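Reader: I'm new to looking at protein models, and I'd like to be walked slowly through one part of this one. Could you set the scene first and then zoom in?

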Amino acid sequence: MIKGIIFDLDGVLVSTDELHYKAWKKLADELGITAFNKEDNEKQRGVSRMESLEVVLQKGSKNYSQEEKEALAERKNDYYKELLQELDKSAVLPGAFDTLADLRKRGLKIAVGSVSKNTPVILEKTGLADFIDKVSCGLDITKSKPDPEVFLVAAKKLELAPEECVVVEDSAAGIVAAKAAGMKSLGVGPYYQSLEAVYEARGLDEAIDWQTIIEA
Ligand code: B16
Ligand code: MG
């Protein structure tokens, strides 16, 4: 019996993926990497900040030291944090508030499992914090998805066994992480059909048979 649902944040509950893209694009343009585009941005879905930087740098020809890379990642994060200042509940994806309220009513525990170190500020600014029991994020972990750490920490914080949890994800790395954690998954977002999740839905505003998922 499923007792907890662990939601990825970016691309599942909020549309911060667009803000990540804007911030990376600004950095790429400054570095003269004009070839960085939306398609590359898809490879940054659900992966860590440093891995996302590599996606940008691969489109250019210059080599950077580790120290320089860390400064670049920080510069991108400053741009991203600036954009986050404008964030409010309008950034919450369709169906997210209703889904969280409905699952709570059914007695399920709710966690967020995101590799983003900006998770706390995003939850506060969007009002999602009121619907979440526990948060496992980039600040709690040392290994990013596809490593299962972020979801195992979430289950532990919920005081549940991994097999009592279902993960909701929009990235391939996140679905691999859920499997590695021993959890079933619901794949959502533009690529939901190719994520190889156990359950699939275009978005949280679709008719999702939560009862079946919970009782499976
Ligand atoms: P930050 P998720 C991920 O969030 C994003 O999808 C990914 O693009 C980003 O690089 C990563 O968070 C790290 O975010 O730079 O804010 O620490 O999908 O795991 O909620
Ligand atoms: Mg995501």
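What share of the chain's accessible surface belongs to carbon and sulfur atoms? After that, please take me to the metal: which residues coordinate the magnesium ion (ligand 2), and where along the chain do Asp-8 and Asp-170 sit?

Author: Happy to. One thing before we start: this is a predicted model, so read everything below with that in mind.

Your surface question first. Carbon and sulfur atoms account for 49% of the chain's accessible surface, and that surface totals about 10,300 Å². As for what is tucked away, 50% of the 216 residues are buried.

Now the overall build. The chain has nine helices and six strands. Its radius of gyration is 17 Å, close to the 17 Å given by the globule rule for 216 residues, so the chain is as compact as a globular protein of that length. If you boxed up the C-alpha atoms along the principal axes, the box would be roughly 55 × 35 × 30 Å. Take the contacts between residues at least 6 apart in sequence: 62% of them join residues at least 24 apart. There are 29 positive and 38 negative charges, and the mean positions of the two sets are 1 Å apart.

On to the metal. The magnesium ion (ligand 2) is coordinated by Asp-8 and Asp-170, each through OD, and by Asp-10 through O, at 2.0 to 2.2 Å. Written as a spacing along the chain, these donors read D-x1-D-x159-D. The pair Asp-8 and Asp-170 links distant parts of the chain, as the two residues are 162 residues apart. Asp-8 is in the loop between strand S1 (4–7) and helix H1 (17–30), while Asp-170 is in the loop between strand S4 (165–169) and helix H8 (172–180).

Are these two donors buried or exposed? Asp-8 has 3% relative accessibility, so Asp-8 counts as buried. Asp-170 is buried too, with a relative accessible area of 2%. The cut-off for buried is under 20%.

Let's look at what surrounds those two loops, beginning with S1. One of the residues in that strand is Ile-6, which is buried, with a relative accessible area of 0%. Leaving out residues up to four places away in sequence, what does Ile-6 touch? Its contacts include Cys-165, Val-166, Val-167 and Val-168, and you've just met the strand S4 (165–169) that holds those four residues. Ile-6 also touches Ala-111, Val-112 and Gly-113, and further along the chain Phe-151, Ala-154, Ala-155, Leu-158 and Met-183. For a feel of distances, Ile-6 and Tyr-191 are 185 residues apart in sequence, and their C-alpha atoms are 19 Å apart in space.

Now the other side, starting from the Asp-170 loop and moving into H8. The buried residues of H8 are Ala-173, Gly-174, Ile-175, Ala-177 and Ala-178. What covers them includes H7, S4 and S5. Here's a handy bit of background: an α-helix has 3.6 residues a turn, so residues three or four places apart point the same way. Just after H8, Gly-182 takes a positive phi of about 80°.

While we're in this neighbourhood, a few backbone details are worth finding on your screen. Going back along the chain, the peptide bond from Lys-145 to Pro-146 is cis, with omega near 20°. Pro-146 sits in the loop between strand S3 (134–136) and helix H7 (149–158). In the loop between H7 and S4 you'll find Glu-159. Its phi is near 60°, a positive value in a residue other than glycine, and Glu-159 is exposed, with a relative accessible area of 70%. Glu-196 also has a phi near 60°, and its place is the loop between strand S5 (184–187) and strand S6 (199–200). At 60% relative accessibility, Glu-196 counts as exposed.

To finish, let's tie the metal site back together. Asp-8, Asp-10 and Asp-170 are the residues that coordinate the magnesium ion (ligand 2). Asp-8 follows S1, and Asp-170 follows S4. Ile-6, in S1, touches residues including Val-167 and Val-168. S4 is also among the elements that cover the buried residues of H8.

Terms used: Residues are numbered from 1 along each chain as its sequence is written. Chains are lettered from A and ligands numbered from 1 in the order in which they are written. This is a predicted model: local features need pLDDT of at least 70, side-chain atom pairs count only at pLDDT 80 or more; totals for chains, interfaces and linings use all residues. Side-chain values use heavy atoms; hydrogens and water are left out. The radius of gyration is taken over C-alpha atoms; the globule rule is 2.2 Å times the number of residues to the power 0.38. Buried means under 20% relative accessible area, exposed over 50%, partly exposed in between (1.4 Å probe, protein chains only). Contact means heavy atoms within 4.5 Å. Accessible areas come from the Shrake-Rupley method with a 1.4 Å probe; for residues, only the protein chains shown count as cover. Lys and Arg count as positive and Asp and Glu as negative; His and the chain ends are not counted. The place of a charge is taken as NZ of Lys, CZ of Arg, CG of Asp or CD of Glu. Donors are N, O and S atoms within 2.8 Å of the metal (3.2 Å for Na, K and Ca); water is not among the atoms, so sites may look incomplete.
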